[in-house]
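Q: Please take a close look at one part of this model, the sheet and the helix that packs on it, and then place it beside the other sheet. I would like the terms explained as they come up.

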Amino acid sequence: MPHALIVDDEPDVVGWMEKVVQAEGYTVATADSLRNARAQLVRQSPDVLLTDLKLPDGQGTDLVRDLETPQQTEIVVITGHASLDSAVEAVRIGASDYLVKPVDVDRLLAILRRQPKAAELKSEIGELRDELRSVGRFGHLFGDSPTMQALYDKLSRVAPTSATVLLTGESGTGKELAARTIHDLSRRKRFPFLAINCGAISPNLIESELFGHEKGSFTGADRQHRGFFEQAKGGTIFLDEVTEMPLDLQVKLLRVLETGTFVRVGTTEPVATDVRIVAATNRPPEKALAEGTFREDLYHRLNVFPIHLPPLRERGTDIELLAQQFLRELNRAEGTHKSFSSGALAKLYEMNFPGNVRELKNYVQRAYILADQVVEGVEPVESLPPATQDNAGLVVVRVGTPLAEVERRVTMATLEQCGRVKRTAARILGISLKTLYNRLEAYAATDKAREDGSGAQPAEAARGDLASAPNRVG
C-alpha cells in the first residue's frame, strides 16, 4: 500500500487532506513542523510528500534533502502565495508539482492518481539509457554526441516533474520530438499529447483552438467546441512558435498558468484544467521581448526549465548516425536493401544543412529515390544558395515550378529573412497580415496531409489563398 506524508501547521488543512489521501488507498502520516516531519521520514519513506512551503521552523523544501531516495518520492509543495515564485523554485530543486491554497481537491486527486509512480519512471529512463548505448536512441530522438548526451540529461531530469519547459533551437532540430519525449517520460504519458503551431493559425482562430467556444459565440460556431486545454486534460500541450502568439492571447495563457483555469470563447464561466505546458521557439526569446511581441511575464512563466536543442553542425558524427537511421526506415518501408557509399557519407560532412535534421532527412529520401542499390548522394535540389553579398535574399526555382509552390517558397523565405516577424513579412510581401496567416495555415495543412499520406499538393492546399491575394509577390 502506498504511503503519504502530509506536512502542514494548519490542523484543519491536515485533517481534510488526510481523509482524501486515505480514501485513495494510501497510508498517511502527518507532521506540523520540519522536526516532526524528519522524524516521520526516519520511520517510513513516503511515496508522496505533501508539504506546506512555510513551516514554523523552516521551508518545506528543506525536506527534499532529507529523503533517503528522493527519486522514488513524488514531492508536492503547497503554497499560499499567489505569485508561486518559490513554488517554481521548489520544482527546480526536485518537487514534481505544487498546489495553491485553498487546495483544489480535483488537482490533489489528479496527483494522487497519477501513474506510473516515480520509481517506475526512473526505471524507464534507465532503459532508455541502455537503448542509447546500443542504438543511439533516446525516446523520440537519435544521436549520441556529447551535446545530445547533455540534452538527454536535462530531459531525464525535467520529464518526471510538472515543470513548464521552454525549448529553443533552430528550425528542424527536433523540438517537437523532445517535447514528445518529455511527455512519454512523465506521469502524464497515458493522457493526450497535443501540439499546436501558434504561428500557423490565424489570430481569429487560435483562441478557439486553445480554449474552445460556445455555440453561437461567433459566426459559424454552430456547436460547442472543446479546445486543447479540455482535450488534453491530464496530459501535455506543446505550444510551438509560442513567440508568434498574439499579445492578447498571451495574457490569457498567462492566466491559465497562474490559476489553472480558462474561459471558453462566448462565456465567462471558468473551467479548471490540469495540463502541462511545453513551449518552443526557433527565434531567440530575448529578441521577441525587445521587439515587444512577447510578454516578459509570460516568458518567465514558460522559462521555468529552459532547454536548448543543438543544431546539426554541432553534433559531430550524429549526422552519419541519423542518415543511416533514415535510410533503414526507407528500406524497411519499401522492402529494399540500399546502402550508402563511403563517398556519400563523406559528402554529408561537407554539407551545411541549415534546415538541420529535417533537411538531412529530406536529402536522404531524395538520394534514396535516385539510387539503385548503392546511395551515392545527390545535390540538395531544393536548397537555397548560400547567403552571400551577391545572392543574399534570393530564392532559386526551376522553370516549370507551379506558381503556388513559387509563392510558398518566397513567402517562407521572406518570413525567415524577417526573423519570423509576421507583420514585417506581410508588409514586404505586399499582403495583409490576415492573408499571410491564411497562407501559413494552408502550408501547415499541406504538410500534415503529406505526413498522413493523403498526398495533398501545395498548389491544391494554397489555391484558395491565391485567389484572395491579388498583391502576390512571386
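A: Ile237 stands opposite Ile277 in β15, and this pair belongs to a region where strand β12 (residues 236-240) and strand β15 (residues 276-281) run parallel and pair over 4 bridges. Strands (E, at least two residues) and helices (H or I, at least four residues) are DSSP runs numbered from the N terminus, and two strands pair if DSSP finds at least two bridges between them. This is a predicted model, in which local features need pLDDT of at least 70 and side-chain atom pairs count only at pLDDT 80 or more, while totals for chains, interfaces and linings use all residues. Residues are numbered from 1 along each chain as its sequence is written, and side-chain values use heavy atoms, with hydrogens and water left out.

The sheet around this pair is open and has 5 strands in the order β11-β12-β15-β10-β16, with parallel pairing. Its edge strands, each pairing on one side only, are β11 (193-197) and β16 (305-308), and from one strand to the next the twist averages 20°. Helix α6 (residues 146-158) packs on this sheet, where it touches β10 (165-168), β15 and β16, and its direction makes about 155° with that of β16. Contact here means heavy atoms within 4.5 Å, and the angles run from 0 to 180 degrees between N-to-C directions, with axes fitted as lines to C-alpha atoms, for helices over the stretch in contact.

The other sheet is also described as open, with 5 strands in the order β2-β1-β3-β6-β7 and parallel pairing. Its edge strands are β2 (27-31) and β7 (97-100), each of which pairs on one side only, and the twist averages 20° from one strand to the next. Towards one edge, strand β6 (residues 74-79) pairs with β7 in the parallel sense over 4 bridges, and Val76 stands opposite Asp97 in β7. Elsewhere in this sheet, strand β1 (residues 3-7) is joined to β2 by 5 bridges, and the two run parallel; the bridge partner of Leu5 in β2 is Ala29. Between these two strands the chain passes through helix α1 (residues 11-23), and this β-α-β crossover is right-handed, a term used if, with the strands pointing away from the viewer, the path from the first strand over the helix to the second runs clockwise.
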